[in-house]
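Grab a pencil and work through these exercises with the structure open beside you. Try each task before you read its solution.

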Amino acid sequence: MPQTVKGVIARSKDADLEVVDIVVPDPGPGEAVVKVHTCGVCHTDLHYKQGGINDEFPFLLGHEAAGVVEAVGEGVTEVAPGDFVILNWRAVCGQCRACQKGKPWYCFATHNAKQKMTLTDGTELSPALGIGAFIEKTLVAAGQCTKVDPEADAAAVGLLGCGVMAGFGAAVNTGGVGMGDSVAVIGCGGVGNAAIAGAQLAGATTIVAVDIDDEKLDAARRFGATHTVNSSKTDPVEAIKGATGGFGADVVVEAVGRPETYEQAFYARDLAGTVVLVGVPTPDKQVTLPMIEIFGRGGALKSSWYGDCLPSRDFPMLVDLYRQGRFDLDAFVTEKIGLGDVEKAFEKMERGEVLRSVVVL
């Protein structure tokens, strides 16, 4: 039977968030109902609220989550009731041209639950990133559930569902950071600090953190930065070159998504170095670079989609590293809050006061 549970919605653009009753249907073929334990408050959810993603209101917000599978539909073999899972928004299809090429982390046909969760009056909801996890129970495609070690703390490992995986993967998967590399990360929020932590774990010897907030730079040092640069006071390009023998970094991760910081990343890399864009720009942002510089510097300009992760491969591995004390996911959790506190968490996020607020249900 369908269940009625509490969840957080954005009814219209920039409207105050509401905690309302939501109807969750029984899982159909290929679907699962997950009892949500935790869900991080990610900037993407704020973009949904502000109408920056699309206008398919009302939105059921939340997507960076962990919980336990309660029920599965016909044909589901990936998970079973009782499994502890991290939710992901890349349920690979296994059949598209990317999957057929052996690159499922680029899957071009990822899928979500076919049924819709609704308000009690029947109004269909649009779940954020196909998940919608600021809710007691959510309906997802079974492929969006990745089984991991049930002994792991849900508040910490749930962050792999989006921000931490995006940052870690930008450095390690997309950027290919390896032993002895030099790395610069521009923007030291949750995503940027995850890139720093990933670079350290991969063996980078020089890691330069760039931000305009000294508190964020202090946090970056705790995650593994060897040098910090406050770019409101110091030219970050020159500072990065100064920390890398005058050459620039092998890999520069741009975790802001603005033209000016992307340009800094471009000029702060070494010859044949790599720039990785993981910061999400708004549709109006544009960047202009001299083509002779693009040609003459060589290397690569890359975008990182969800850290180019494959959840079935990366989530269990990173949870194992966390359980071994080698990847400090706990350090990303600034505070634990309730469903009714998401609006305040957005405000704290915009003021730069938190790495992650985590809703605990």
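**Exercise 1. Is C99 buried or exposed, and what is its relative accessible area?**

Solution. Before we start, note that this is a predicted model, where local features need pLDDT of at least 70, side-chain atom pairs count only at pLDDT 80 or more, and totals for chains, interfaces and linings use all residues. Residues are numbered from 1 along each chain as its sequence is written, and side-chain values use heavy atoms, with hydrogens and water left out.

Step 1: get the cut-offs. Buried means under 20% relative accessible area, exposed means over 50%, and partly exposed is in between (1.4 Å probe, protein chains only).

Step 2: apply them. C99 has a relative accessible area of 12%, so it is buried.

**Exercise 2. How many disulfides does the structure hold?**

Solution. Step 1: a disulfide is a pair of cysteine sulfur atoms within 2.5 Å.

Step 2: the count for this structure is 0. Take C99, which is in no disulfide: the nearest cysteine sulfur belongs to C96 and is 3.7 Å away.

Step 3: try another cysteine. C162 is in no disulfide either, with the nearest cysteine sulfur, that of C42, 3.9 Å away. C162 is buried, because its relative accessibility is 7%.

**Exercise 3. Describe the overall build of the protein.**

Solution. Step 1: list the secondary structure. Helices (H or I, at least four residues) and strands (E, at least two) are DSSP runs, numbered from the N terminus. Here you get 11 helices and 18 strands.

Step 2: check the size. The radius of gyration is taken over C-alpha atoms, and the globule rule is 2.2 Å times the number of residues to the power 0.38. For 361 residues, a compact globule would come out near 21 Å, and the protein has 20 Å, so the two agree. Along its principal axes, the C-alpha trace spans about 65 × 40 × 40 Å.

Step 3: look at burial and contacts. Of the 361 residues, 54% count as buried. Contact means heavy atoms within 4.5 Å. Among contacts between residues at least 6 apart in sequence, 68% join residues at least 24 apart.

**Exercise 4. Which peptide bond is cis, the one from F57 to P58 or the one from P58 onward?**

Solution. Step 1: recall the usual case. Most residues other than glycine have a negative phi, and most peptide bonds are trans.

Step 2: read omega. The bond from F57 to P58 has omega near -5°, and it is cis.

Step 3: place it on the chain. P58 sits in the loop between α1 (43-49) and β4 (59-60).

**Exercise 5. Where do D14 and Y306 lie, and what sign does phi have in each?**

Solution. Step 1: start with D14. You'll find D14 in the loop between β1 (3-10) and β2 (18-24). Its phi is near 60°, a positive value in a residue other than glycine.

Step 2: go on to Y306, which belongs to the loop between β16 (300-303) and α10 (311-323). Y306 is not a glycine, yet its phi is positive, at about 55°.

Step 3: add the burial. D14 is partly exposed, because its relative accessible area is 44%, while Y306 counts as buried because its value is 3%.

**Exercise 6. Which residues does V252 touch, leaving out those up to four places away in sequence?**

Solution. Step 1: locate V252 in strand β14 (residues 249-254).

Step 2: check its cover. V252 has a relative accessible area of 0%, so it is buried.

Step 3: list the partners. V252 touches A184, I186, A265, A268, R269, T274, V275 and V276.

**Exercise 7. Do the same for R221 and D314.**

Solution. Step 1: R221 is part of helix α6 (residues 214-223), and its 44% relative accessibility is why it counts as partly exposed. Not counting residues up to four places away in sequence, R221 touches T226, H227 and T228.

Step 2: D314 belongs to helix α10. With a relative accessible area of 2%, D314 is buried. Leaving aside neighbours within four places in sequence, D314 is in contact with M165, N173 and C309.
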